[in-house]
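Reader: Could you take me closely through a single strand of this model, setting out its pairing and its surroundings?

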Amino acid sequence: MSSPVLARPRPQYDAADLLTAYLPGSFYYSSRRGTLLADGVHAVVPAEPGTSRAQAAARALADARAAGLADPIVAGAVGFRPDDAASLVVPALVRRAPAPDGTATASAASVPVPAAWTVTPQPDPVDYAEAVRKALLHIETGDIDKVVLARALDVTADAPVSVPPLLARLTRADPAAHVFAVDVTAPGDPAARTLFGASPELLISRRGRTVTVNPLAGSRPRSADDAENRRRIDDLRTAAKDHAEHALVIRQVADVLRPFCSDLDVPAPEVVGTPTMWHLSTRITGTLDDPDDPGSSSLALAEALHPTPAVCGVPTTTARDVIADLEPASRGYYAGLVGWSGADGDGEWVVTIRCAEASGRSVRVHAGAGIVAGSDPEAELAETRAKFRTLLGALGVAE
Ligand SMILES: C=C(O[C@@H]1C=C(C(=O)O)C=C[C@H]1O)C(=O)O
């Protein structure tokens, strides 16, 4: 006699279901690879500043498996500097769905966001341009070849900010973006704090032996006019300064990956677009020598690659010191990494850019630009202004 069927079918979600199920404290991540919503905390991954988060994550994943958690992952964000905070957990529950299809999130996107905002730049744009001039002096004297300088906008609403409609708007504006939300509430924070954004920059994606890395560097703002966009794309395609800036990033990224890979394909850069920007982009693919080595997990590789010169500079340590000296506030999670990694080592991590932190009625939006020999302070200021538009557009803040 056949036995009754006891197994229930696995629920099938789409991206909109997961967005609807998002609650403050959830981890949300969507990209072309799929959508992931993680809730609850099975274990916090200890993140002592300066220690390997990948090693701590591997131990937490092994413990979670031993405790009977099926297919555990580590998910969250790691700050820019080694002494910045990290927010990495093994979630209790993970739900997955296919990639957002552009229409799936329409209803959440139509939820109104606050209408009245005040915007305060940090620092003042004049001071940012001055910091770029100082960075150019470091480049002239030969201390550094490149440094990325960032600034922020403090945006305050007339009502508490709700993150899910913002995620839906970011997804609708750019279905190809890596859209994320991570709880980064720290002890002593008066209200929950959420890091969220739509990063165009893949730090690393790993599936089995195959890794993909997609650095961006060298940019032009997108215009509303098609003919002007064609001019800007042509300009970016041929600009020696931008290609030199891009090459610095690609060289370092390829040098970091090569020891892990039996082959590495580094094609010529191409121009890619987001709704606000044009970027030089190189999609590098590699085959891992030993995918079972814990040092080749997606988080271990992300940690090895971070910070790429797309967000820090060349050489890394001096550029990081110049950033600490010239930027008035700590970056925190901005320009760090955000994503997830499974117990088998597969996963996906992006560079934490085109992002903001929301807490109560306040949102801090970040943007930076790469400074190399030949950079013009006013053009770099304009570039950060254009990059802010990704988040300001979702918030409905007029420039
Ligand atoms: C630093 C940011 O963007 C990075 C800097 C770029 C550049 O300088 O051309 C381009 C893409 C990103 O790698 C940011 O968006 O905040």
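Author: In this predicted model, strand β6 pairs with strand β16, residues 313–314, in the antiparallel sense over two bridges, and in this pairing Lys146 stands opposite Val314 of β16. Strand β5, which covers residues 117–122, likewise pairs with β6 in the antiparallel sense, here over six bridges, and the bridge partner that Thr120 finds in β6 is Asp154. A further antiparallel pairing joins β6 to β20 through 11 bridges, with Val148 standing opposite Gly370 in β20.

As for the surroundings of the strand, 10 of the 12 residues of β6 are buried, so β6 is largely enclosed by the rest of the structure.

The strand also takes part in the shell around the ligand, since β6 (146–157), β11 (216–221) and β20 (362–372) each supply at least two residues of that shell. The largest share, five residues, comes from β20, the strand that 11 bridges join to β6. In total 18 residues surround the ligand, and the closest are Ser219, Ala310, Ile353, Gly368 and Gly370; of these, Gly370 is the residue of β20 that Val148 stands opposite. By character, the residues of the shell divide into nine nonpolar, six polar and three charged.

As wider context, an unreviewed UniProt entry lists residues 127–387 as "domain: Chorismate-utilising enzyme C-terminal", and over residues 127–387 the chain is 33% helix and 34% strand, with the end C-alpha atoms 18 Å apart.

Definitions and conventions:
Residues are numbered from 1 along each chain as its sequence is written. This is a predicted model: local features need pLDDT of at least 70, side-chain atom pairs count only at pLDDT 80 or more; totals for chains, interfaces and linings use all residues. UniProt positions are given in the numbering used here, feature names are shortened, and annotations may be inferred rather than shown by experiment. Helices (H or I, at least four residues) and strands (E, at least two) are DSSP runs, numbered from the N terminus. A residue is near a molecule or strand if its C-beta atom, placed from the backbone, lies within 6 Å of it. Ala, Val, Leu, Ile, Met, Phe, Trp, Tyr, Cys and Pro count as nonpolar, Asp, Glu, Lys and Arg as charged, and the others, Gly among them, as polar. A residue is buried if 20 or more other C-beta atoms lie within 10 Å of its own, exposed if 12 or fewer, and partly exposed in between; C-beta atoms are placed from the backbone. Two strands pair if DSSP finds at least two bridges between them.
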